[in-house]
Amino acid sequence: MKKRVLFICTHNSARSQMAEGLLRQLDNEHFEAYSAGTEATQVRPLAIEAMAELSIDITQQYSKTFQLYLDQPFDIVITVCDTAAEACPFFPGARQLWHWSFPDPSQAQGSHEEQLAVYRAVRDALRQRIEQELQFE
């Protein structure tokens with residue numbers, strides 16, 4: 001049976017969306033990946049672009065709030081920003097609740113390339129953390 005993992009950040013627009021796409025690509029056989037936010041907005045174009053560089057298409061993913069999943073069971077719920085961890089210190093359906101703190105790439109300033117570099121750095125840090133902490137079979 002697949003392990004169900006839910007990634008949560010504030011707006012479900014970048015960090016949690018990238019984490020969902022990464023886990024799907026890394027091990028879709030053993031994990032079901034989901035993402036949500038404390039608020040719903042839209043998936044950021046720079047997150048889509050950064051993921052496309054790894055041939056991961058997140059264009060069909062959409063922003064949603066964690067309330068959508070409150071009555072569902074998850075093996076692991078991972079907050080990927082401090083604000084989400086504060087807003088969601090307890091998740092009823094989670095067997096485990098983890099917190100990973102990553103900077104918000106949507107706050108990046110500068111040119112398109114400078115902002116994209118921040119998204120790449122967060123994407124790569126998420127990938128490293130997923131590979132280190134989730135047990136791939």
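**Exercises on a predicted model**

Isoleucine 8 stands opposite threonine 79 in β3. The exercises below concern a predicted model.

**Exercise 1.** Determine which strand β3 is joined to by four bridges, and how the two run.

Solution. Start with the residue ranges: β1 covers residues 3-9 and β3 covers residues 74-79. Next, count the links between them: four bridges join β1 to β3. Finally, take the directions: the two strands run parallel.

**Exercise 2.** Give the strand order of the sheet, name its edge strands, and place helix α1 on it.

Solution. The sheet is open and has four strands, ordered β2-β1-β3-β4, with parallel pairing. Strands β2 (31-37) and β4 (94-99) each pair on one side only, which makes them the edge strands. On average, neighbouring strands are turned by 20° against each other, direction ignored. Helix α1, residues 15-27, packs on this sheet and touches β1 and β2. The direction of α1 makes about 175° with that of β2.

**Exercise 3.** Find how many cavities of 30 Å³ or more there are, and describe the lining of the largest cavity.

Solution. The count comes to one cavity of 30 Å³ or more. The largest cavity holds about 50 Å³ of space. Its lining consists of Cys9, His11, Ser13, Ala14, Arg15, Arg44, Asp104 and Ser106. Sorted by class, the lining residues are two nonpolar, three polar and three charged.

**Exercise 4.** Explain why the salt bridge between arginine 120 and glutamate 53 ties together parts that are apart in sequence.

Solution. The whole structure has 10 salt bridges. In one of them, the side chains of arginine 120 and glutamate 53 meet at 2.7 Å, N to O. Arginine 120 belongs to helix α4 (residues 112-133), while glutamate 53 sits in the loop between α2 (45-52) and β3, so the pair links parts 67 residues apart in sequence.

Terms used
Residues numbered from 1 in each chain as written. Predicted model: local features only at pLDDT ≥ 70, side-chain atom pairs only at ≥ 80, totals over all residues. Heavy atoms only, no water. Pairing = 2+ DSSP bridges. Axes fitted to C-alpha atoms, helices over the stretch in contact; angles between N-to-C directions. Contact = heavy atoms within 4.5 Å. 1 Å grid on protein atoms, 1.4 Å probe; cavity = no way out; pocket = protein on both sides within 12 Å on 5 of 7 lines; lining within 4 Å. Points joined across faces, edges and corners; volume = space filled by probe spheres on them. Nonpolar A, V, L, I, M, F, W, Y, C, P; charged D, E, K, R; others polar. Salt bridge = Lys/Arg side-chain N within 4 Å of Asp/Glu carboxyl O.
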